[in-house]
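Trainee: I would like a close look at one part of this model, the strand pairing and the aromatic contacts around it. Please take me through it in one go.

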Amino acid sequence: MSRIRILPEAVANKIAAGEVVERPASVVKELLENAIDAGAKTIRVEVEVGGKRMIRVIDDGHGMTHDDALLAFERHATSKLRSADDLLSIATLGFRGEALPTIAAVSRLLLETRDEAEAEGTRIEFAGGKLVNVKSAGVPVGTTISVADIFYCVPARRKFLKSDTTELGHIASLVTHYALANPGKQFILTTPTQEIINCPPTEKLADRVYQLFGRQAVEELVEILAVSAPFRAAIAEPELEPQEEKSSLTVSGFTSRPDIQRMNRNGIYIFVNRRLVRDRLILHAIHEAYRNILPPAVFPATLLFLEMPYEEVDVNVHPAKIEVRFRRSQLVHDVARDAIRQALMGARPIASFAAAAAATPQTAGSGNGTFSGGITPAAVESGVPRAIIPPMEEVGGGSVVGSDGGFDLTGAPLRPVEQRIPFTSGTAFGAGVVPVRTSTPGNWAANLAAPSAEAPASLPRTEHIADLKPLGQVSASFIVAVNGEGLWIVDQHVAHERVLFEQHLEARRAGRVESQRMLMPLVIELSPRQIVTFEKIAEELFANGFEVEPMGPKSVAIQAVPAGVGAPDAEKLLTEILDGIERENAAISIETLQAKIAASTACHAAIKVNTPLEQSKMEWLLDALSKTDCPMSCPHGRPVVLRYSMKEIEKAFHRI
Ligand SMILES: Nc1ncnc2c1ncn2[C@@H]1O[C@H](COP(=O)(O)OP(=O)(O)OP(=O)(O)O)[C@@H](O)[C@H]1O
Ligand SMILES: [Mg+2]
């Protein structure tokens with residue numbers, strides 16, 4: 001039975017169509033999407049010379065009938081869309097009817113396919129967009145498309161292709177994305193000399209992450225347990241009520257522990273109804289979730305899956321289908337933010353000595369064997385060329401998002417430090433991370449047999465922080481403490497900062513921030529920009545314990561500050577708050593503003609380093625810290641405690 005039809009012109013014109021073939025990875029993307037849409041269970045991708053010589057995608061999906069196989073190469077021929085109305089709720093990855101004709105126009109293409117209803121399959125050959133051969137062929141049910149010599153007839157384009165390893169890196173990254181989004185399917189990626197990815201079907205996403213990135217990656221993540229929210233919450237119009245029960249948004253996935261810090265957003269993957277998308281709104285939600293947990297200029301690694309009714313999201317807004325528009329964006333934003341925040345608060349893991357050292361932004365990415373760090377040593381051993389990873393400049397620096405889904409969400413230039421570190425960005429959740437498995441088939445098979453049985457080593461969690469007994473201070477700055485878990489070092493300044501931050505925020509929410517009058521009002525000069533910011537937030541400052549009066553066009557008098565802040569800190573605190581808010585040039589939410597004020601106030605009121613502390617004061621501080629929501633990092637994202645676990649101590653002394 002024929003599935004494919006040519007879209008009427010009126011429908012075709014409503015589709016955001018455009019360039020679909022930019023590089024070999026774009027071809028892989030389109031062919032993978034077609035295979036997934038055809039219900040394939042196993043998808044095999046074979047590439048030669050970075051995909052420049054050959055890309056072959058073999059699937060066991062429903063295949064095409066003889067007639068459909070020919071029709072598929074017409075423009076606007078699709079089985080996935082009938083009318084313009086269908087555009088409002090697209091359930092498939094493809095819908096434009098553009099990909100195959102476009103790929104056939106720039107390559108030598110061979111299609112072999114069979115629909116199960118037909119006894120014989122079909123073989124069709126195209127060269128430079130021209131049909132050169134059609135015949136029947138004995139092929140299994142499913143589809144194999146071989147694309148050879150991409151751009152052979154468009155030499156100008158061919159010139160723009162990067163090195164073979166770079167192009168292969170993009171392909172590997174892409175297959176990794178689709179494998180993450182479809183754990184129930186098997187994905188295989190091979191070159192003539194190696195198997196780069198081979199992940200059999202799994203039930204759980206965690207197992208798929210493990211297959212693709214290894215155990216350490218799983219240990220670096222906390223799971224975002226599926227959180228569902230009815231769209232009802234945002235529905236203002238009563239006529240939408242009847243379908244509210246079915247209409248819900250589910251957010252799930254994985255996100256990195258606070259001690260994992262990335263210098264860019266390349267470790268963030270957002271899937272909406274299993275489609276990898278680039279979305280500023282969700283990025284913002286992720287950023288918000290980590291506010292006061294991660295320092296401002298670093299990023300987590302996050303795999304976020306949003307599932308929602310198809311009509312809640314418009315996918316027809318970008319020619320390469322990588323941007324979407326949510327119908328109820330605020331709700332989607334808030335649910336995503338809260339789900340991540342909840343996962344982080346629930347796990348509350350604490351850095352071990354080694355992890356904390358590796359987490360400093362300067363070294364992030366140079367670690368081994370982690371998706372935040374890059375390629376595993378075993379991958380290098382396996383002979384996988386290191387350069388399989390697209391070079392930094394291309395991954396992080398370009399603002400262009402290719403139709404291969406090569407995502408650079410930042411648009412921001414990379415810091416020089418990163419450019420010295422190989423593999424930082426391209427590898428995360430992406431290219432090059434997988435070959436480790438192929439080098440040790442024995443282990444690989446064993447690992448797959450029980451991927452989740454090998455539970456991640458237990459991470460220290462906040463409850464383990466309880467009952468700390470302080471032994472003393474190092475340099476009058478760091479408290480050394482012990483409990484049954486092992487040996488701990490606590491940075492006294494940031495620990496107190498975390499305690500005060502949470503107390504201040506709570507008091508602010510209850511409208512009870514205590515304030516302390518200055519003996520003499522302190523008159524300070526502000527810049528014109530600071531004055532503007534001051535006027536904008538004067539009320540909120542007052543609610544946070546400040547009393548500040550304007551004194552002429554350029555000055556203000558500080559009469560009172562939040563309790564605990566000493567007079568010498570008053571000026572610095574106020575200007576720091578004003579400057580910090582000024583930098584957030586966009587409108588900032590009230591929560592953000594409050595958190596910023598609380599963080600600055602806590603910083604200025606907290607015990608300083610180089611301050612000797614009595615035993616009772618140390619005991620009080622450790623106890624107060626153990627009662628905070630987030631004792632692992634200060635409001636600016638720095639680690640608060642380090643732990644040397646009993647196991648690590650025993651190991652170091654060769655007792656175990
Ligand atoms: N691997 C496949 N298995 C079965 N049918 C396929 C396969 N690849 C393509 N087709 C059929 O060919 C049609 C055309 O494919 P093509 O990729 O050009 O367009 P599309 O997937 O409908 O939309 P888009 O351009 O957004 O990808 C599809 O609608 C589908 O019916
Ligand atoms: Mg398609």
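Mentor: What follows starts with one strand and its partners, then goes on to ring contacts, backbone angles and a surface patch.

The model is predicted, and the account below should be read with that in mind.

Begin with strand S5, residues 108–114. Of its 7 residues, 6 are buried, so S5 is largely enclosed by the rest of the structure. S5 is paired with S6 by 6 bridges, and the two strands run antiparallel. To place one register point, look at Thr-113, whose bridge partner in S6 is Thr-122. The connection from S5 to S6 is a hairpin of 6 residues. S5 also pairs with S8: 7 bridges join these strands, again in an antiparallel arrangement. Here Arg-114 can serve as the register point, with Gly-142 as its bridge partner in S8. As background, side chains in a regular strand alternate between the two faces of the sheet.

Arg-108 belongs to the span of S5, residues 108–114. The charged end of Arg-108 sits over the ring of Tyr-152, at 3.8 Å from the ring centre. A second contact of this kind involves Lys-321, whose charged end sits over the ring of Phe-95, 5.7 Å from its centre.

Past the end of S8 comes the loop between strand S8 (142–148) and helix H5 (155–159), and Asp-149 is found in that loop. Asp-149 has a phi near 50°, a positive value in a residue that is not glycine. With a relative accessible area of 25%, Asp-149 falls between the limits of 20% and 50% and is therefore partly exposed.

Now the ring pairs. A pair of aromatic rings is described by the distance of the centres and the angle of the planes. The count of aromatic pairs in the model is 2. Phe-73 and Phe-126 make a tilted pair, with 4.4 Å from centre to centre and 35° between the planes. This pair links distant parts of the chain, 53 residues apart: Phe-73 is in the loop between helix H3 (66–71) and strand S4 (77–78), while Phe-126 is in strand S6 (residues 121–127). S6 is thus met again here, as the strand joined to S5 by 6 bridges. Phe-73 counts as buried at 9% relative accessibility, and Phe-126 is buried with a relative accessible area of 9%.

Phe-271 and Phe-305 form a stacked pair, 4.6 Å centre to centre and with 5° between the planes. This pair, too, links distant parts of the chain: Phe-271 lies in strand S13 (residues 268–272) and Phe-305 in strand S15 (residues 302–307), 34 residues apart. Phe-271 and Phe-305 are buried.

S13 leads to another positive phi. Arg-274 lies in the loop between S13 and strand S14 (275–277). Its phi is about 65°, although Arg-274 is not a glycine. Arg-274 has a relative accessible area of 30%, so it counts as partly exposed.

Last, the surface. Leu-70, Leu-131 and Val-134 form a nonpolar patch there, with about 200 Å² of accessible area together. Leu-131 lies in strand S7 (residues 130–137). With a relative accessible area of 44%, Leu-131 is partly exposed.

Key:
Residues numbered from 1 in each chain as written. Chains lettered and ligands numbered in written order. Predicted model: local features only at pLDDT ≥ 70, side-chain atom pairs only at ≥ 80, totals over all residues. Heavy atoms only, no water. Patch = residues over 30% accessible without salt bridge, like charges linked within 9 Å, V, L, I, M, F, W, Y side chains within 5 Å. Areas by Shrake-Rupley, 256 points an atom, 1.4 Å probe, with all protein chains shown as cover. Salt bridge = Lys/Arg side-chain N within 4 Å of Asp/Glu carboxyl O. Helix = DSSP H or I, 4+ residues; strand = E, 2+ residues; numbered from the N terminus. Buried < 20%, exposed > 50% of the residue type's maximum accessible area, 1.4 Å probe, protein only. Phe/Tyr/Trp six-rings, centres within 6.5 Å; stacked < 30°, edge-to-face > 60°. Lys NZ or Arg CZ within 6 Å of the ring centre and 35° of its normal. Pairing = 2+ DSSP bridges.
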